[in-house]
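Dear colleague,

I am passing on the structure below, together with some notes that I hope will be of use when you look through it.

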Amino acid sequence: MSFARVRALVVVGVLAVAAVVFVVVALVRDTQGDAVAGGGCPEGSVMANVKLPDDPQEVTVRIFNGTDQAGLADRVTNDFKNRRFQTQKPAENNKKFDGVAILRYGPDAVGSAWLLRAYFLNQADPQYSAKRKGAVVDIVIGARFQQLATTTEVNQSLVELSEPQVPPGACPAPVKKDS
């Protein structure tokens with residue numbers, strides 16, 4: 001065996017030993033050892049459904065009129081029906097609202113509310129309540145509301161919003177796989 005081959009084998013051997021040492025040190029000093037996907041929810045946390053609905057028919061909304069404009073809740077409810085959302089009977093809100101809209105939702109509707117934010121071009125005020133039950137999203141229409149976004153605008157807004165975020169004090173619920 002020539003000196004060049006011996007030298008090459010020594011260099012490769014040293015590199016292999018260095019790689020093994022580097023991997024062992026990285027594993028031992030890993031600070032994310034307890035960050036396992038889908039597990040380790042702090043005690044007292046609520047499981048939140050952060051999955052974006054695949055179809056608007058999976059989302060149920062109840063529209064409240066937060067303005068002095070008569071019939072606004074009915075009109076917006078029909079707009080959502082035309083976009084294939086499930087709707088409940090519209091109502092009047094107790095307080096008037098000056099903004100575009102308020103989205104009130106609980107842990108079961110985090111993904112749905114995220115989708116609905118896109119229909120208001122992310123100008124709706126999200127109000128999450130961990131104690132709220134059910135998957136219905138209440139929408140209070142405000143004085144600055146003009147119209148729901150078009151399909152193209154919704155898609156662009158969803159890109160800007162990216163993936164739904166887990167609300168404070170909640171953990172993402174496990175995603176159910178389709179059979």
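Strand S5 (residues 101-105) pairs with S7 in the antiparallel sense, over four bridges, and within that pairing Leu 103 has Ile 139 of S7 as its bridge partner. Please keep in mind throughout that this is a predicted model.

S7 also pairs with strand S2 (residues 60-65), here in the parallel sense and over six bridges, with Ile 63 standing opposite Ile 139 of S7. Ile 139 is therefore a convenient place to begin, since it is the bridge partner of Leu 103 and also stands opposite Ile 63, and it is itself one of the residues of S7 that are buried.

How many of the six residues of strand S7 (residues 136-141) are buried? Six of the six are, so the strand is largely enclosed by the rest of the structure. Both of its faces are covered, with Val 136, Asp 138 and Val 140 buried on one side, and Val 137, Ile 139 and Ile 141 buried on the other.

The other residue I would point out is Val 76, which lies in helix H2 (residues 72-82). Leaving aside residues up to four places away in sequence, Val 76 touches Ile 63, Ile 141 and Phe 145. Val 76 counts as buried because its relative accessibility is 0%, where the cut-off for that term is under 20%. Its C-alpha atom is separated by 8.1 Å from that of Leu 148, although the two residues are 72 apart along the chain.

With best wishes

Methods:
Residues are numbered from 1 along each chain as its sequence is written. This is a predicted model: local features need pLDDT of at least 70, side-chain atom pairs count only at pLDDT 80 or more; totals for chains, interfaces and linings use all residues. Side-chain values use heavy atoms; hydrogens and water are left out. Helices (H or I, at least four residues) and strands (E, at least two) are DSSP runs, numbered from the N terminus. Buried means under 20% relative accessible area, exposed over 50%, partly exposed in between (1.4 Å probe, protein chains only). Contact means heavy atoms within 4.5 Å. Two strands pair if DSSP finds at least two bridges between them.
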